[in-house]
Amino acid sequence: MKILLTNDDGINAAGLAALRAAVAGLGEVTVVAPDTERSGVAHSITLAHPLRIRRIYHSGEFFGYGINGAPADCVKLGCREILKAKPDLLLAGINLGANVAINILYSGTVAAAIEGAMLGVPSVAFSVAETEQPDFDEAARIARRVLDGLLGNGVPAGTVLNVNLPGIPEGEVKGIRVTHQSRTSYTDFFERRLDPWGRAYFWITGEMTREFEREPDSDLRALADGYVSITPLHFDLTHYAVLPALRKRLAAEWRGE
Ligand code: MN
């Protein structure tokens with residue numbers, strides 16, 4: 001099995017190395033990842049400058065290919081130029097920090113998996129809900145166990161599976177929940193500070209809202225309850241529920257009715 005592995009935390013991130021080691025026995029793993037951290041770039045691609053592929057070595061051993069681009073660039077370039085074929089499986093992560101609720105829309109990790117699904121490759125994104133000092137080896141062991149279960153059942157084509165690990169030891173994980181994306185968002189605010197020349201600069205921060213407490217089947221709630229969260233995502237953003245009424249109403253308006 002040919003596996004393409006990427007992330008958005010960069011090719012030197014600990015979460016990537018841990019996942020690479022955990023899935024090594026599953027097949028031929030090729031790492032193609034951004035050469036620096038690209039968290040929060042979502043599904044952006046590089047148009048304004050050329051992309052370069054650099055071979056990266058860890059302790060003298062070939063580790064993977066570093067790209068001066070976004071995660072979606074890595075998937076495209078990885079398939080077209082490095083593997084010269086579609087892989088059998090695309091994995092992204094393990095991301096430092098959960099990719100749940102609206103964070104999914106900003107995530108480069110999830111975007112990489114979506115890019116894989118767009119190419120028709122079964123794709124899984126992994127993130128761990130811990131940003132201070134996650135045990136990535138432990139997280140990768142749990143990720144592998146989850147992945148074995150997914151592969152046994154077949155990852156549906158065109159679907160992205162967004163897996164979030166609760167950031168606790170395997171023995172304390174209560175199980176797996178298949179979840180929906182929480183409606184929880186952020187109350188954004190900006191820290192305004194002054195640079196050494198007295199000019200103002202801004203840094204985004206924010207507080208999470210708590211909708212997930214009223215959403216028993218949501219991704220955030222699963223993590224809060226000590227479960228692995230698996231959310232199936234698709235990249236067709238059409239809001240089908242409003243489609244028929246909107247179609248009818250706007251057509252009538254155009255006709256002057
Ligand atoms: Mn990240």
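In helix 5 (residues 136–153), E138 and R141 are 3 residues apart, so about one helical turn separates them. Their side chains meet in a salt bridge, with 2.4 Å from N to O. The model described here is predicted. The two partners differ in exposure: E138 is buried, with a relative accessible area of 14%, whereas R141 counts as partly exposed at 46% relative accessibility. Side chains of opposite charge can pair when their charged atoms come close.

Helix 5 takes part in another such contact through R145, which forms a salt bridge with E170, the closest N and O atoms being 2.8 Å apart. Because E170 lies in the loop between strand 7 (160–165) and strand 8 (175–178) while R145 lies in helix 5, the pair ties together parts that are 25 residues apart in sequence. R145 counts as exposed because its relative accessibility is 58%, and E170, with a relative accessible area of 24%, is partly exposed. Elsewhere, R177, R221 and D225 are joined into one network by salt bridges that share partners. The structure holds 13 salt bridges.

One of these salt bridges leads to the parallel strands at the start of the chain. K2 pairs with E28, and their closest N and O atoms are 3.7 Å apart. The pair links distant parts of the chain, since K2 is in strand 1 and E28 in strand 2, 26 residues apart. Both ends are partly exposed, K2 at 34% relative accessibility and E28 with a relative accessible area of 48%.

Strand 1 and strand 2 run parallel and are joined by 4 bridges; in one of the pairings, L5 has V31 in strand 2 as its bridge partner. Between the two strands the chain passes through helix 1, and this β-α-β crossover is right-handed. Strand 2 also pairs with strand 4 (residues 61–67), again in the parallel sense, over 3 bridges. Here the bridge partner of A33 is G66 in strand 4. How enclosed is strand 2 by the rest of the structure? Of the 7 residues in strand 2 (residues 28–34), 5 are buried, so the strand is largely enclosed.

The manganese ion has four protein donor atoms listed for it: D8 (OD), D9 (OD), S39 (OG) and N95 (OD1), which lie 2.1 to 2.3 Å from the ion. In sequence these donor residues follow the spacing D-D-x29-S-x55-N. D8 and N95 belong to distant parts of the chain, 87 residues apart: D8 is in the loop between strand 1 (2–6) and helix 1 (14–23), and N95 is in strand 5 (residues 89–96). Both D8 and N95 are buried.

An antiparallel pairing is found further along the chain. Strand 9 (residues 186–194) and strand 10 (residues 200–208) are joined by 9 bridges, and Y186 has M208 in strand 10 as its bridge partner. The two strands form a hairpin with 5 residues between them, and G198 in the turn has a positive phi of about 80°.

This hairpin also contributes to a nonpolar surface patch. F190, Y201, F202, W203 and I204 make up the patch, which covers about 610 Å². Strand 10 gives the most to the patch, with 4 residues. Y201, which lies in strand 10, counts as partly exposed because its relative accessibility is 32%.

Notes. Residues numbered from 1 in each chain as written. Predicted model: local features only at pLDDT ≥ 70, side-chain atom pairs only at ≥ 80, totals over all residues. Heavy atoms only, no water. Pairing = 2+ DSSP bridges. Patch = residues over 30% accessible without salt bridge, like charges linked within 9 Å, V, L, I, M, F, W, Y side chains within 5 Å. Areas by Shrake-Rupley, 256 points an atom, 1.4 Å probe, with all protein chains shown as cover. Salt bridge = Lys/Arg side-chain N within 4 Å of Asp/Glu carboxyl O. Buried < 20%, exposed > 50% of the residue type's maximum accessible area, 1.4 Å probe, protein only. Donors = N, O, S within 2.8 Å, 3.2 Å for Na, K, Ca; no water. Right-handed = clockwise from strand over helix to strand, strands pointing away.
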